[in-house]
Amino acid sequence: VRRSLCAGLMSPALIADFEARVARALQPVVAASGIEEQCAAVAALDAAREVRVCELSGDGGKRSIAIGRARLPLPDSVSQPELVPDPAFHDNPTHLRLLEDLAADLVAGERAVLLIGNQGTGKNKLADRLLQLLRLERQYMQLHRDSTVQSLTVEAELVGGAVEWRDSPLVLALRHGHVLMLDEADKAPLEVVAVLKSLLADGQMLLSDGRRVLSPEAAAAEGSLLREEDVIIHDRFRVLTLANRPGFPFLGNDFFRECGTVFAAHVVDNPDAASQLELMAPFGTSVPPHVHRRIVGAFDELRCLVRDGLLAYPFSVREQVSVIKHLQAFPQDSVGQALGNVASFDAMDPVATEQLRSAFARQGIALDAAGGAAPALTVELAREVVLPAAQPVDGRRDSAAPLACEVTSHELKARNVSYQFAPSDQGVRPLGSAVEAVEGRAGAAFSEEVRELQLLGGEEEGAPHCVACLARGGAIHVLASGPAALHSLPASVA
């Protein structure tokens, strides 16, 4: 199934991005329907569309907010403004399109929305940002493996040295019309998930103290049987549920399989490359832009390895931001050292470590602090060699005809410390349009090396033998064999 089709229609409803069997089953259905090309064209136009967020004023001073093409009213007042989230959110095209989709579901009358995806892709940030824009109070609950039906409805509080039981955030949201945010829903036991599904589907639930939760329709049908202590679901009650995708390495319950039918589902994946750069920029204002681009390219490659089954852990944009924050706070550290903070878990697996090293090396990043442990500082000094007195071996002299040497010069765009050349018919030329440096080589080792020059010989001759010297003024001269050549880098480039 084409990516645009899955992202536009199938993925939100069937989470086809995370279910290979679902994607395989959809492929012949979509091909037979003849809508694939239309969906691809619509998805391309939608991806190019800019989503803007702005407040609008209507008749009678009523204010509303427009998130792209979705428009929602804003409350006149907020009784508990401390419950409105205030996240540090940085706008980017991918997340703004997701916010527009979430707002469109609320406009359509959806009362329960599910955000599902890998950890670290921004599910909490998106939910908090939506509530911040709509100025809605939030009640937060984080589920876990030890959650029970009782803990879902009541919670203990220590008051004056005595334990008192009070309503849980779920009951408070039901009564006061707040938005309930259920985090880590895939970790909850199945009996807790079943109670949640019953509440959202039927609008009824029995609390542990005997009280009943009823929908307005059910409460009206009760008539005189309705008790004062019963909880009637508020008309503005909404549920935002966050869950990790099913399967390894999260190992939670398949929340979508159990109660996905009562939710409007949205798959939250890592942003595209342009959105990643916009997202990382505020966290690393002093980090060079080319380092941002290399980190984005490396992590995109790691995610491809995860999809191909070569790596287990799905690296997310959270790890990228962590690396950029490290480089911003500790500019003296190398990129490889900063990456040790997120790659240390894979250090125990030699195969995964080699995959990480190769992926980062292809982006010009040396993973020198593998494992996350601070390596011991090593000092590598050059070995002193006493050379014998120079003796002439051969010489040529022709006073009549001066010696003619072919000289070829190249303009090099160099940065940092590592230079790489490859042989060509005209001698030696730089690889690509610029001489690329390898980020992160200056890890935990000190050496007398001031420059690194790599000359690659032909396949038959092998690596050339060479002697390099650093001349006065900073120029570098390299005498190489196979083929015999003298390479010089002026001080302006070296």
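Helices, counted as runs of at least four residues, and strands, counted as runs of at least two, are taken from DSSP and numbered from the N terminus. With these labels, a residue such as E184 can be placed in the loop between β8 (179-183) and α8 (190-202). The structure described here is a predicted model.

The overall composition comes first. The secondary structure of the protein amounts to 15 helices and 21 strands. The protein has 494 residues, of which 40% count as buried. Its accessible surface is about 28,100 Å², and carbon and sulfur atoms account for 54% of that area. Where contacts join residues at least 6 apart in sequence, 64% of them link residues at least 24 apart.

Helix α4 covers residues 93-107. Because a helix is expected to advance 1.5 Å a residue, its 15 residues should span 21 Å, and the end C-alpha atoms are indeed 21 Å apart, in agreement with that expectation. Most of α4 is covered, since eleven of its 15 residues are buried, that is, under 20% relative accessible area. Among the buried residues are T94, H95, R97, E100 and D105, together with leucines including L96, L98 and L99. After the helix comes G109, whose phi is positive, near 95°.

Positive phi values also occur at two residues that are not glycine. Most residues other than glycine have a negative phi. R135, however, has a positive phi of about 55°. R135 belongs to the loop between α5 (123-134) and β5 (138-142). With a relative accessible area of 31%, R135 is partly exposed, because this value falls between the limits of 20% for buried and 50% for exposed. E184, in the loop between β8 and α8, likewise has a positive phi, near 55°. The relative accessible area of E184 is 24%, so this residue too is partly exposed.

Another loop residue, R145, lies between β5 and α6 (149-153). At 52% relative accessibility R145 counts as exposed, because the limit is 50%. R145 and P189 are 44 residues apart along the chain, yet their C-alpha atoms are separated by 6.1 Å. Apart from neighbours within four places in sequence, R145 is in contact with K187, P189, F250 and L251.

The surface also carries a nonpolar patch. L158, V163 and W165 form this patch, and together they have about 390 Å² of accessible area. Of these residues, L158 lies in strand β6, which covers residues 154-159. L158 has 65% relative accessibility and therefore counts as exposed.

The last region to consider is the pair of strands β20 and β21. In a regular strand the side chains alternate between the two faces of the sheet. Strand β20 (residues 476-480) shows this alternation: I476, V478 and A480 point to one face and are buried, whereas H477 and L479 point to the other and are not buried. β20 is joined by five bridges to strand β21 (residues 485-489), and the two strands run antiparallel. One of the residues on the buried face of β20, A480, has A485 in β21 as its bridge partner.

Methods:
Residues are numbered from 1 along each chain as its sequence is written. This is a predicted model: local features need pLDDT of at least 70, side-chain atom pairs count only at pLDDT 80 or more; totals for chains, interfaces and linings use all residues. Side-chain values use heavy atoms; hydrogens and water are left out. Patches are made of residues with over 30% relative accessible area and no salt bridge: like charges are joined within 9 Å, nonpolar side chains (Val, Leu, Ile, Met, Phe, Trp, Tyr) within 5 Å. Accessible areas come from the Shrake-Rupley method with a 1.4 Å probe; for residues, only the protein chains shown count as cover. A salt bridge is a side-chain nitrogen of Lys or Arg within 4 Å of a carboxyl oxygen of Asp or Glu. Buried means under 20% relative accessible area, exposed over 50%, partly exposed in between (1.4 Å probe, protein chains only). Contact means heavy atoms within 4.5 Å. The expected span of a helix is 1.5 Å times one less than its number of residues. Two strands pair if DSSP finds at least two bridges between them.
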